[in-house]
Amino acid sequence: MKKLGLLLILLMIFSTVGTTFAAQPAIDTAPYQQEGDVLRLVIGTTDDIAELDPANAYSFHDWEILRNVSDGLLAYVPGSTDIEPRLAVDFPTVSEDGLTYTFTLREGVLFPDGTELTNEIFVEWANRSLTLQGDPYTLISNIESVEAGENNTIIFTLKEPFDLFPVTIASQPQLYPFQAGDFPMDEFNNQPAQIRGVGPYMLTSYTIGETAVFERNPNYYGEPPAYDEVVFVYYEDDAQLTLAIETGEIDMAWRGVTETEVPRLAEAENLEVITLPGRIQYFLFNHQTDIGSDINVRRAIAKAIDRDEIIDRALSGLAQPLYSMVPPGFFGASESFLDLYGFSDVEGAIEDLAASGYTADNPLQLDLWYPPERYGGTVGDAMAVVEQQLEATGAIDVTLQSAEWSTYVVAATGGEYPFYFLGWFFDYPDADNYIQPFASCDGSPGLGVNYCNETMEELISAQRALVGQPEREEALIAMQDFFAEEVVGIPLWVGQDYMIYNSDVVTNVIVGAPLVLEYRLLQPVQ
């Protein structure tokens, strides 16, 4: 038995310059303010609910919801990338061949209705995800079987050894148990009426694009959380969210404030700012479309993009150019796109386009899809710069297309868009998680990429077999080099995320590098 932990180097801290912004109409949060004996916390965000079925959910906010209403065998230590037992009594025992992991389930864990969690119930929910194979299935696709053993044990058998397995399952809502009746066992339900697990809270009601209400689980096995209710308010854009935290309409602003306003907000006596490593931003192709299947087109777009210009013109310099899907600070990170395509190569892009028959007389008609508010109000400006860069080839006509997030994420990951923009924060803190979900035969369909290549499969397996060995760095670089050569997707930049909270109202705000916010830890100021 071994104690497992990983350290993620925080990516960067940028200086910012405050600017003014136009006030937006405020959302009425009065119904959710403190009243009577109900202790309530109000959190604002520009995120939104997309898909809440644990076997199919694969966005940051959906996972956050599921992490707070249920729990896994292992979980991140608050504020850290180390892992600790939760529903498991201890870390697993591992067989000599590295294929079998045996956990012992904690006793006395109850669902809100009083039903006790057993290893049979846990296994039933795990097998549901393995059978339904939703969007994040790639993260558990190496599991051959899950079985209930003697003495309340849960036995995972893998298809091939993977030393990061305990770390990967520490973040997996796919392997969480939920109360009977909340989800059908034989199909997805992405918008259930409520969600009740074995975590500290229950999601009792929600309206997409408006609010979500969490109530304390009366049977939570751990220390009862301080707040009776946690209410999320969903804002349309960063300007609304920024105004809401500044005026006291909400107690916390979690991801999505106007970046250039952060220094000014930090000067307020009652506001505290936590700066966190941000998500990477990138373009993806659906490789089963005419555009996505054309290697010349993919390489031409990669060459035509000038990241520094995008950051300077659209992002106020508040980001770092990214030349691999693996961001700086991770073991094995490279700059493969810079090595292959340079900072920008318009002439090379023109040649690649011509090789596929696209010229000024016959330009490529390219729809560029993006969510306008999901990643902050500057994304539209960034896409406008990209449009200009691609059209500078004289052989591409770009049409910018957008959709609100709950519609966008389903369409993008469902393969409806040939070329589209997304953001990513790791599922587990390892370079593997920045390549494998996008480029593996198992993973890429869940993100709408639909890429499958035998050489890439071999490269992914090779670096996984070397976890913990110095030779792995070379294997990780080879995997990234091939990703860039194939242009599976195009990394663009990495920025920052922010938690801003009213320190007169709430304390003990712990958000670590995995960006996991556990509502149970939040405490009211006495």
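Helices (H or I, at least four residues) and strands (E, at least two) are taken as DSSP runs and numbered from the N terminus. The structure is a predicted model, in which local features need pLDDT of at least 70 and side-chain atom pairs count only at pLDDT 80 or more, whereas totals for chains, interfaces and linings use all residues. Residues are numbered from 1 along each chain as its sequence is written, and side-chain values use heavy atoms, with hydrogens and water left out.

On this assignment, the protein chain contains 14 helices and 19 strands. The radius of gyration, taken over C-alpha atoms, is compared with a globule rule of 2.2 Å times the number of residues to the power 0.38. For 526 residues a compact globule would have a value near 24 Å, and the 23 Å found for the protein chain therefore agrees with the rule. Along the principal axes, the C-alpha atoms fill a box of roughly 70 × 60 × 40 Å. Residues are classed by relative accessible area as buried (under 20%), exposed (over 50%) or partly exposed (in between), with a 1.4 Å probe and protein chains only; by this criterion 59% of the 526 residues count as buried. With contact defined as heavy atoms within 4.5 Å, residues 24 or more positions apart account for 70% of the contacts with a separation of 6 or more.

The accessible area, obtained by the Shrake-Rupley method with a 1.4 Å probe and, for residues, with only the protein chains shown as cover, amounts to about 19,500 Å² for the protein chain, of which carbon and sulfur atoms supply 46%. Lys and Arg count as positive and Asp and Glu as negative, while His and the chain ends are not counted; each charge is placed at NZ of Lys, CZ of Arg, CG of Asp or CD of Glu. On this basis there are 22 positive and 82 negative side chains, and the centres of the two sets lie 4 Å apart.

Strand pairing requires that DSSP finds at least two bridges between two strands. An open sheet of four strands is formed in the order S4-S5-S7-S6, with antiparallel pairing. S4 and S6 stand at the edges with a single partner strand each, so one side of each is left without a neighbour in the sheet. Strand S4 (residues 93-94) is joined to S5 by two bridges, with threonine 93 having threonine 102 of S5 as its bridge partner. Five residues lie between the strands of this hairpin, in which glycine 98 takes a positive phi near 75 degrees. S5 is in turn paired with strand S7 (residues 153-158) over five antiparallel bridges, and threonine 102 has isoleucine 155 as its bridge partner in S7. Five bridges likewise join S6 to S7, where serine 145 stands opposite threonine 157. Along S5 (residues 100-104) the side chains alternate, in that Tyr101 and Phe103 point to one face and are buried, while Thr100, Thr102 and Thr104 point to the other and are not.

A parallel arrangement is found between S14 and strand S15 (residues 396-402), which pair over seven bridges, with tryptophan 369 opposite glutamine 401 in S15. Strand S14 (residues 364-370) is mostly covered, five of its seven residues being buried.

Several loop positions were also examined. Valine 109, in the loop between S5 and H2, is buried with a relative accessible area of 0%. Its C-alpha atom is separated by 5.5 Å from that of tyrosine 221, although the two residues are 112 residues apart along the chain. Leaving aside neighbours within four places in sequence, valine 109 is in contact with Leu87, Thr115, Glu116, Leu117, Val198 and Tyr221. Serine 324, in the loop between strand S13 (320-321) and helix H8 (336-341), counts as buried at 2% relative accessibility, and under the same exclusion of neighbours within four places its contacts are Ser334, Gln480 and Pro491.

Most residues other than glycine have a negative phi. Glutamine 133, in the loop between helix H2 (119-132) and strand S6 (143-148), nevertheless has a positive phi of about 50 degrees and counts as partly exposed at 45% relative accessibility. Asparagine 450, in the loop between helix H12 (436-439) and helix H13 (454-464), also has a positive phi, near 55 degrees, and at 22% relative accessibility it counts as partly exposed.
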